[in-house]
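Reader: I should be grateful for a close look at how the helices of this protein pack against one another. Please set that part within the whole chain and follow it to the loops and the annotated spans.

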Amino acid sequence: MGVVHTLHFVFGIFGNATALFLFLAPIITFKRVIQNRSTEQFSGLPYVMTLLNCLLSAWYGLPFVSPNNLLVSTINGTGAVIETIYVLIFIAFAPSKEKKKISALLLLVLTVFAAVALVSMLALHGSKRKLFCGIAATIFSIIMYGSPLSIIRLVIKTKSVEFMPFFLSLFVFLCGASWFAFGLLGKDPFVAIPNGFGFGLGTVQLILYAIYCEKKGFTKKSTFNESLTTGNVKSHQEEKQSSNNNKSKLEQV
């Protein structure tokens, strides 16, 4: 029993570390967004869904909801702050249509969290409170892990991983694996099930990255080369036309 408890704690600490890296991984993406003042083809959905997951998981991990899960609460509370910053940056630089969509989703996320928190505190107690909050956290954890599916479809369609950051995929894999083990050792299905799903999805993303990583940015490079070639041809044609005009003038003289 002592070994299991120790492993449970170790995987919780490792889960906190990998989750923090997962939350910080999009910094590279948002640096690009701020520099270009555009969200390009990046999706804001994963960040909004991650925010909701963090809020619900942080609530679930609190001692008066779920004992012995404080490590779940601390990291997800930190994640909620980080994801809020990402969502606000995304809204600031997104096109008008996307801005309205993400703003509406953010309002929905805050409404859902407030409803879950109020119901669990005012109407439920003991094991019923843990069950209700655990189910809510599990559902939206799975939605969070599933939100990059749209990017996965884009990767398969374009055969390019330009809009699927590698470190984000890596830490989805590591975070899912850590918390999956934490949930199994702690016999907590509300932690194990969604993170097992995340572990599997992270594996799929890494496999796709391995397949298509060499084609990253291929489209832009091809366009640049095509433009360069067209420019050279045009320049050569103009030079040839100018030469012919000069020759014609000399003959007239």
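**Helix packing in the predicted model**

Author: From the N terminus on, the elements of this predicted model run α-α-α-α-α-α-α-α-α-α. The protein thus comprises ten helices and zero strands. Of its 253 residues, 40% count as buried. Among contacts with a separation of 6 or more, 77% are accounted for by residues 24 or more positions apart.

Two packed helices are described by the angle between their axes and the distance between the axes. Two pairs are considered here in those terms.

The first pair to consider joins helix α1, residues 2-24, to helix α8, residues 166-185. The axes of α1 and α8 are 8 Å apart, and the helices pack at an angle of about 155 degrees. Because angles over 145 degrees count as roughly antiparallel, α1 is roughly antiparallel to α8. The crossing of these two helices is left-handed. On the α1 side, the contact is made by V4, L7, H8, F11, G12, F14, G15, N16, T18, A19, F21 and L22. Helix α8 contributes L168, F171, V172, L174, C175, S178, W179, A181, F182 and L185. By class, the residues of the contact between α1 and α8 divide into 16 nonpolar and six polar, with no charged residue.

The other pair is formed by helix α2, residues 27-36, and helix α4, residues 70-93. The axes of α2 and α4 come within 10 Å and cross at roughly 25 degrees. Since an angle under 35 degrees counts as roughly parallel, α2 is roughly parallel to α4. The crossing of α2 and α4 is also left-handed. Here I27, F30, V33 and I34 in α2 meet Y86, I89, F90 and F93 in α4. The contact of α2 with α4 has eight nonpolar residues, no polar residues and no charged residues.

A single position within a helix may be added to this picture. T138 lies in helix α6, which spans residues 126-146. With a relative accessible area of 10%, T138 falls under the 20% limit and is therefore buried. Leaving aside neighbours within four places in sequence, T138 is in contact with F190, I193 and P194. Of these partners, F190, I193 and P194 have numbers that fall in α9, residues 189-212.

The loops call for attention to backbone geometry. Most residues other than glycine have a negative phi. R37, in the loop between α2 and α3, has a phi near 55 degrees, a positive value in a residue other than glycine. At 60% relative accessibility, R37 counts as exposed, because the limit is over 50%. K187 is found in the loop between α8 and α9, and its phi is likewise positive, near 55 degrees. K187 counts as exposed at 75% relative accessibility.

Finally, the annotated spans may be set beside the model. An unreviewed UniProt entry carries the annotation "transmembrane region" for residues 6-30, 42-62, 74-93, 105-125, 131-156, 163-185 and 191-212. In the model, the span of residues 42-62 is 76% helix and 0% strand, and its end C-alpha atoms lie 33 Å apart. Over residues 163-185, the chain is 87% helix and 0% strand, with the end C-alpha atoms 35 Å apart.

Conventions:
Residues numbered from 1 in each chain as written. Predicted model: local features only at pLDDT ≥ 70, side-chain atom pairs only at ≥ 80, totals over all residues. Heavy atoms only, no water. Helix = DSSP H or I, 4+ residues; strand = E, 2+ residues; numbered from the N terminus. Buried < 20%, exposed > 50% of the residue type's maximum accessible area, 1.4 Å probe, protein only. Contact = heavy atoms within 4.5 Å. Axes fitted to C-alpha atoms, helices over the stretch in contact; angles between N-to-C directions. Parallel < 35°, antiparallel > 145°, perpendicular 65-115°, else oblique. Left-handed = near helix turned anticlockwise from the far one by under 90°. Nonpolar A, V, L, I, M, F, W, Y, C, P; charged D, E, K, R; others polar. UniProt positions renumbered as here; feature names shortened; annotations may be inferred.
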